[in-house]
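Work through the exercises below with the sequence and the model open. Each task is followed by a solution in steps.

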Amino acid sequence: VFVKDEEGFDIPIVDKEGKYVKEITDFAGIYVKNEYYAEGEAPEKPLDVQIAIKLKEENKAFKVEKYEHSYPHCWRTDKPILYYPLNSWFIKTTAIKDRMVELNNTINWKPESTGKGRFGNWLENMVDWNLSRSRFWGTPLPIWVTEDKSEEKCIGSIDELRQEVKVSVEKGFMKAELPEEFDPHRPFVDDVVLTSSKGEPMNRIPDLVDVWFDSGAMPYAQWHYPFENQETFEENFPADFIAEGVDQTRGWFFTLHALGALLFDRVAFKNVIANGLVLDKDGNKMSKRLGNAINPFEVLSQYGPDATRWYMIANANPWDNLKFNVLGVDEVRRRFFGTLHNTYNFFALYANLDGFTYSEEAIPISERTESDRWILSRLNTTTLQAKEALQQYEPTKAARAIQDFTINELSNWYVRLNRKRFWKGEYSADKMAAYQTLFECLITISKLAAPIAPFYSESLFQDLNKVAGVEKAESVHLASYPEVNSSAIDTLLEEKMDLAQTISSLVHSLRKQHKLKVRQPLSKILLPLQSAHFKDQIMAVEDIIKTEVNIKEIEFVGEESGVLVKKVKPNFRRIGQIYGKDTKVVSAFITGLHADQLAELESTGSLKTTIGDLSIELTHEDVEVSYADIPGWSVASEGMVTVALDITLTDVLKKEGIARDLVNRIQNIRKDTGMEVQDKISLAIQSGSVELKSAVEAFEGYICTEIQAKEITFADVISDGIEIQIDEIELIVKVETV
């Protein structure tokens, strides 16, 4: 029976014998919180009695008529859990608390907040380690005591125990020495009686050792140290890296650290990742009861282990909680592995046709095209990023760098812009350089990705190397991680190609916004002139940009032109973090920035000023600069790059767009009918569209060149042609080889 005290804590009621009262019936008196209440008395406030008690006049005893009580219950049996004060054995960790804190500050924690926060706070407020447990199964506490507790012995090894038992046998406390295959666990160890210095029998205390002591002793126990393998132990301690759930802050992480400090005055591990939890896609804990648990074996069976691993590592840092969405695994399978596999298939198709086996001498990078030099520069920069990230135990950064390089740079940019080099008929030095460059990228990716995607990386490595034989290693997992060729990194080349990609991406987004397909030529784009260097970099990739986004001209405009009007607004999240209560004042200042102030910020990277008594220094990250749309133009920005696209379609542009669409349709027909690239054709067209006829006449030369046509004719009726459509124009065409 319990009552609640003034703070709401449950207080058990005991009788004069000190026994817990299970029911208030017939007894002389009770104790509550060490206060005695005589027969017939009841506890008065401030104790709030939470049980209904009725006083029986006949015998002046208490009886429980109703009892409702919130109390911990076993999650397996639903039976109440009773807590008793017990004597325990402790390790005096508080004696070296300061040293444990000092050693912890040398450990590379991921995330750092766990090491300095959760674990650091635990050490700062550490109490002595409660070592013993009152259970049957586990590691027995190796301490023997005399009956009067005046003498204790702690046994440090089986050999020491055997020597002590010999003495005990001589004294008659034990009948025989320990057998060769002695089991040092309960109940066998409980039968061992030792001898005190005074010749008295000593029995083992019944307690066990905290199981976390076992886990913390792992670095020593796995080598049976210090009894053997001393050199092996020294070579492997402390551990370079460990990983476990963040809930091990007070478990394995602590016991490893405590024993390392106590025994060796060293850390037990140099780097640690405190893993987060895997939650469902909505951020809830997975549970069979809730029906939101995902069967990992079904995911592995459907999508494969590599896609699953890559998704989990690339999607969130291992120490962050991961909202697991199966659709995300499928996206990784399609976007990353699908793109990589398609790139390999493209390479293998043409390499096999040309018999490329990398048997020729490697063409010096300086003699390769600018496009080759750029992708090899990016490959080495990505290798550097991946290596540095993995060395800092940042696998998410490594995975994202590899993924971005593979999808956005190798496949969507390099291969797409260099397709015609692989299609060429003659096996020239330029074509050989393209093969060597793409081969180097693919085999390096197989090595970079191997720690995260071991199976696909091995397959890709073997498919490449079994033909080329450039790698001596039998497996990608026996090969060294790629070294960075610093001489191949060209930062200026990367910068200008990055500008080309950014500008192209912005133009494509504007086209999509206004439903202007890429085959429709447009007249020009405007770029705000940032600096002479900016202009030089853009001009170096001008042809790439114009070809990629299908525009006729790139024009630079200065601030004084007034064509593009800037809009400035604060980055409220960052401003709020820095200036707190002054956010409103700083934000108002940013919104009202003058042109000369904004120019200073953009050119120097910072702007210092004083608002009343407040001194501030703004950077690029504190403001968001954009441009207003102007009639006939559409504007988009990314970072410091802004593009204005002329979306006006002239008659000439419309005709060229129709001509390009016609070329696309005829090329598809050539491909579908199995024509060779060099086959010449004649093209007959049936259409009542004046617009189509005008477009063909205006761009007949271009069309004939692209589709390898000897002639283009218009017919009133084509009975055995193919029906096609260009926008709203329907037509019938007949394609014949000549």
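**Exercise 1.** What does the accessible surface of the chain come to, and what percentage of it belongs to carbon and sulfur atoms?

Solution. The model is a predicted one. Its chain has an accessible surface of about 41500 Å². Carbon and sulfur atoms hold 50% of that surface. Next, turn to burial: 43% of the 738 residues count as buried. The secondary structure consists of 24 helices and 31 strands. Finally, take the contacts with a separation of 6 or more: 66% of them join residues 24 or more positions apart.

**Exercise 2.** Describe how α16 packs on α17, and classify the angle.

Solution. Start by locating the helices: α16 covers residues 491-513 and α17 covers residues 532-540. Their axes are 9 Å apart and form an angle of about 75°. Angles of 65 to 115 degrees count as roughly perpendicular, so α16 is roughly perpendicular to α17. Now list the residues that meet. From α16 they are Leu492, Glu495, Lys496, Leu499 and Ile503; from α17 they are His533, Phe534, Gln537, Ile538 and Ala540. Sorted by class, this contact has 6 nonpolar, 2 polar and 2 charged residues.

**Exercise 3.** Do the same for α14 and α15, and give the handedness of the crossing.

Solution. Helix α14 spans residues 429-449, and helix α15 spans residues 454-468. The angle between them is about 145°, with the axes 9 Å apart. The crossing is left-handed. On the α14 side, the contact includes Phe439, Leu442 and Ile443; on the α15 side, Leu460, Phe461 and Leu464 are among the residues taking part. The class count is 8 nonpolar, 3 polar and 1 charged.

**Exercise 4.** Inspect the backbone around α6. Which peptide bond there, ending at Pro226, is cis?

Solution. Most residues other than glycine have a negative phi, and most peptide bonds are trans. The bond from Tyr225 to Pro226 is cis, with omega near 10°. Pro226 sits in the loop between α5 (218-221) and α6 (230-236). A cis bond also runs from Phe237 to Pro238, with omega near 0°. Pro238 belongs to the loop between α6 and β16 (239-245).

**Exercise 5.** His224 and Tyr358 both have a positive phi. Is each buried, partly exposed or exposed?

Solution. His224, in the loop between α5 and α6, has a phi of about 55°. Its relative accessibility is 42%, so His224 counts as partly exposed. Tyr358, in the loop between α10 (326-354) and α11 (370-391), has a phi near 60°. Buried means under 20%; Tyr358 is at 13% and therefore counts as buried.

Conventions. Residues are numbered from 1 along each chain as its sequence is written. This is a predicted model: local features need pLDDT of at least 70, side-chain atom pairs count only at pLDDT 80 or more; totals for chains, interfaces and linings use all residues. Side-chain values use heavy atoms; hydrogens and water are left out. Axes are lines fitted to C-alpha atoms, for helices over the stretch in contact, and angles run from 0 to 180 degrees between N-to-C directions. Helices (H or I, at least four residues) and strands (E, at least two) are DSSP runs, numbered from the N terminus. Angles under 35 degrees count as roughly parallel, over 145 as roughly antiparallel, 65 to 115 as roughly perpendicular and the rest as oblique. Contact means heavy atoms within 4.5 Å. Ala, Val, Leu, Ile, Met, Phe, Trp, Tyr, Cys and Pro count as nonpolar, Asp, Glu, Lys and Arg as charged, and the others, Gly among them, as polar. A crossing is left-handed if the near helix is turned anticlockwise from the far one by less than a right angle, and right-handed if clockwise. Buried means under 20% relative accessible area, exposed over 50%, partly exposed in between (1.4 Å probe, protein chains only). Accessible areas come from the Shrake-Rupley method with a 1.4 Å probe; for residues, only the protein chains shown count as cover.
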